[in-house]
Amino acid sequence: MFDKRQLLRIVRLPDGTVELDGSGKKNGRGAYVCASDACVRKCEKGLLKKHLGCEIAPQIYEEIREKHGAKG
């Protein structure tokens, strides 16, 4: 369990695009990702795709790593 403020929110917007939600307030289906590299790797293996119900562009994972300082 993590404090919500320690996590990064990824959101699938109503138009189907996926992006990072720095404000945590964008409308759409959201998922929270922790800062660990292991968590990001799980997301890349399909966990985030399953949760959001759509394909995730590789640049989203790069943005997650940049924001969290995780190493790929």
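These legends accompany several close-up views of a predicted model.

**Close-up 1. Helix 1 and helix 2 pack against each other.**
Welcome to the helix pair, a good place to start. Two packed helices are described by the angle between their axes and the distance between the axes. Here, helix 1 spans residues 37-52 and helix 2 spans residues 58-68. Their packing angle is about 165°, and the axes lie 11 Å apart. Angles over 145 degrees count as roughly antiparallel, and helix 1 and helix 2 are therefore roughly antiparallel to each other. The crossing of helix 1 past helix 2 is right-handed.

**Close-up 2. Side by side, the residues where helix 1 meets helix 2.**
From helix 1, look for Asp37, Val40, Arg41, Cys43, Glu44 and Leu48. Their partners in helix 2 are Tyr61, Ile64 and Arg65. Sorted by character, the residues of this contact comprise 5 nonpolar and 4 charged, with no polar ones.

**Close-up 3. The buried and exposed sides of helix 2.**
Ile60, Tyr61, Ile64 and Arg65 are the buried residues of this helix. They lie on the same side of helix 2, because they cover an arc of only 140° around the axis. Turn to the other side of helix 2 and you will find Glu66 and Lys67, both exposed. The buried residues of helix 2 have several packing partners: strand 1 (8-12), strand 2 (18-21), strand 3 (29-33) and helix 1.

**Close-up 4. Isoleucine 10, a buried residue of strand 1.**
Isoleucine 10 belongs to strand 1. Its relative accessibility is 0%, so isoleucine 10 counts as buried. Leaving aside residues up to four places away in sequence, isoleucine 10 touches a long list of neighbours. Among them are Val18, Glu19 and Leu20, as well as Arg29, Gly30, Ala31 and Val33. Leu48, Leu52, Ile60 and Ile64 are also touched by isoleucine 10. Of these, Ile60 and Ile64 also appear among the buried residues of helix 2. Glycine 30 is 20 residues away from isoleucine 10 along the chain, yet their C-alpha atoms are separated by 5.6 Å.

**Close-up 5. Cysteine 54 in the loop between helix 1 and helix 2.**
This view moves to the connection joining the helix pair. Cysteine 54 has 15% relative accessibility, and because buried means under 20%, it counts as buried. Arg12, Val18 and Lys49 are in contact with cysteine 54, again not counting residues up to four places away in sequence. With arginine 12, cysteine 54 shares a C-alpha to C-alpha distance of 8.1 Å, although the two are 42 residues apart in sequence.

**Close-up 6. Two partly exposed residues, serine 36 and glutamate 63.**
Serine 36 sits in the loop between strand 3 and helix 1, and its relative accessibility of 34% makes it partly exposed. Between serine 36 and arginine 65 the sequence separation is 29 residues, while their C-alpha atoms are 9.0 Å apart in space. Arginine 65 is already familiar as one of the buried residues of helix 2. Glutamate 63 is part of helix 2, and with a relative accessible area of 32%, glutamate 63 is partly exposed. Along the chain, glutamate 63 and leucine 20 are 43 residues apart; their C-alpha atoms are separated by 7.7 Å.

Definitions and conventions: Residues are numbered from 1 along each chain as its sequence is written. This is a predicted model: local features need pLDDT of at least 70, side-chain atom pairs count only at pLDDT 80 or more; totals for chains, interfaces and linings use all residues. Side-chain values use heavy atoms; hydrogens and water are left out. Axes are lines fitted to C-alpha atoms, for helices over the stretch in contact, and angles run from 0 to 180 degrees between N-to-C directions. Helices (H or I, at least four residues) and strands (E, at least two) are DSSP runs, numbered from the N terminus. Angles under 35 degrees count as roughly parallel, over 145 as roughly antiparallel, 65 to 115 as roughly perpendicular and the rest as oblique. A crossing is left-handed if the near helix is turned anticlockwise from the far one by less than a right angle, and right-handed if clockwise. Contact means heavy atoms within 4.5 Å. Ala, Val, Leu, Ile, Met, Phe, Trp, Tyr, Cys and Pro count as nonpolar, Asp, Glu, Lys and Arg as charged, and the others, Gly among them, as polar. Buried means under 20% relative accessible area, exposed over 50%, partly exposed in between (1.4 Å probe, protein chains only). The arc is that of the directions from the helix axis to the C-beta atoms.
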